[in-house]
Amino acid sequence: MMFKIAIFSDVHGNLEALQAILSNMEKEEFDEIVCLGDVIGIGPNPRECLSNILNNNIKMVLGNHERYYLNGTHNESKMSETEKKHHEWVLEEIGEIYKVYLSKLPVDLTIMVNDKKIGFMHYPFDKIMDDFYSPKDLTEDNVKRLFRNYNNQFTFFGHSHTNQFYKDNNDFIYVNVESVGCTKDNITYYTILEYDGKNYNIYKRKCIYDRKKFEQKLKDINYPDKDFLVKTFF
């Protein structure tokens, strides 16, 4: 029997892009829908995006932005004061209401199909350093190092907002599903895995979202570090 999973990551407060992919997902049946974190931060609608994830009963793993929301930024030595103010604004926008929900979420998730493991994470997590590994290209050496604590047939991740696919010598497959929310136009994507324990198909589903509405929000809503974030990510 073919198992079908929809995967997406890095919404980053872009409500219009999130609504577009969720609406598209309603047109077909999925066994699971998994969000790989960073639903909040950068964009103008962190609370509304998080609410959509919760209300649609979507499985989710923590991203670094959710960890900033849960833990604060006082221990983030590499973060500028402007960045810290931005994350303080995110906390103010969301409030305390989602802290209990997010505190129960894992940093990685595994789904079994037959005897094969499918892994989901925002990015490989160093449990000793209590931090996500820094993004690297998916070279053979980097895959061995970054994913050394995992043993998945398929590993799906996000974080670096790039589209990546890599198969190692053991036929383990690593897929960066890129960012739903951080786009430069009105096009976004989510990723689909179809797998029966032997045969698989991985492909992207293209969606069009209301870019004009999103851009109007960027003009109307003022928040810390907005000019830099909009120029860099949107």
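**A guided tour of the chain**

Among contacts between residues at least 6 apart in sequence, 69% join residues at least 24 apart in the chain. The model is a predicted one, and the tour proceeds from the whole chain to single strands and one helix residue.

**Whole chain**

Display the complete C-alpha trace first. Along its principal axes the trace spans about 50 × 40 × 30 Å. The radius of gyration is 17 Å, which agrees with the value near 17 Å that a compact globule of 234 residues would have. The secondary structure comprises 8 helices and 12 strands.

Next, switch on the surface. Its accessible area comes to about 11700 Å², and carbon and sulfur atoms account for 45% of this. Of the 234 residues, 53% count as buried. Colouring by charge gives 30 positive and 36 negative charges, whose mean positions lie 2 Å apart.

**The open sheet**

Select strands E1, E2, E3, E11 and E12. These 5 strands form an open sheet in the order E3-E2-E1-E11-E12, with mixed pairing. Its edge strands are E3 (59–60) and E12 (200–208), each of which pairs on one side only.

Within this sheet, focus on E1 (residues 3–8) and E2 (residues 32–35), which pair in the parallel sense over 4 bridges. Which residue of E2 is the bridge partner of phenylalanine 8? The partner is cysteine 35.

Strands of a sheet pair through backbone hydrogen bonds, so the backbone atoms should be shown for this step and for the following stop.

**Strand E8 and its partners**

Select residues 154–157, which make up strand E8. Are the faces of this strand covered or uncovered? Both are covered: Phe154 and Phe156 on one side, and Thr155 and Phe157 on the other, are all buried.

Add residues 116–121, strand E5, which pairs with E8 in the parallel sense over 3 bridges. Phenylalanine 120 has phenylalanine 156 of E8 as its bridge partner. Then add strand E10 (residues 173–177), which runs parallel to E8 and is joined to it by 4 bridges. Here threonine 155 has tyrosine 174 of E10 as its bridge partner.

**Asparagine 52 in helix H2**

Finally, select helix H2 (residues 46–55) and centre the view on asparagine 52. Which residues does asparagine 52 contact, leaving aside neighbours within four places in sequence? They are Leu15, Leu18, Gln19 and Leu22. To check one of these with a distance label, use leucine 18: its C-alpha atom is separated from that of asparagine 52 by 8.3 Å, although the two residues are 34 residues apart along the chain.

How values were computed
Residues numbered from 1 in each chain as written. Predicted model: local features only at pLDDT ≥ 70, side-chain atom pairs only at ≥ 80, totals over all residues. Heavy atoms only, no water. Helix = DSSP H or I, 4+ residues; strand = E, 2+ residues; numbered from the N terminus. Rg over C-alpha atoms; globule rule 2.2 N^0.38 Å. Buried < 20%, exposed > 50% of the residue type's maximum accessible area, 1.4 Å probe, protein only. Contact = heavy atoms within 4.5 Å. Areas by Shrake-Rupley, 256 points an atom, 1.4 Å probe, with all protein chains shown as cover. Lys, Arg positive; Asp, Glu negative; His and termini not counted. Charge placed at Lys NZ, Arg CZ, Asp CG, Glu CD. Pairing = 2+ DSSP bridges.
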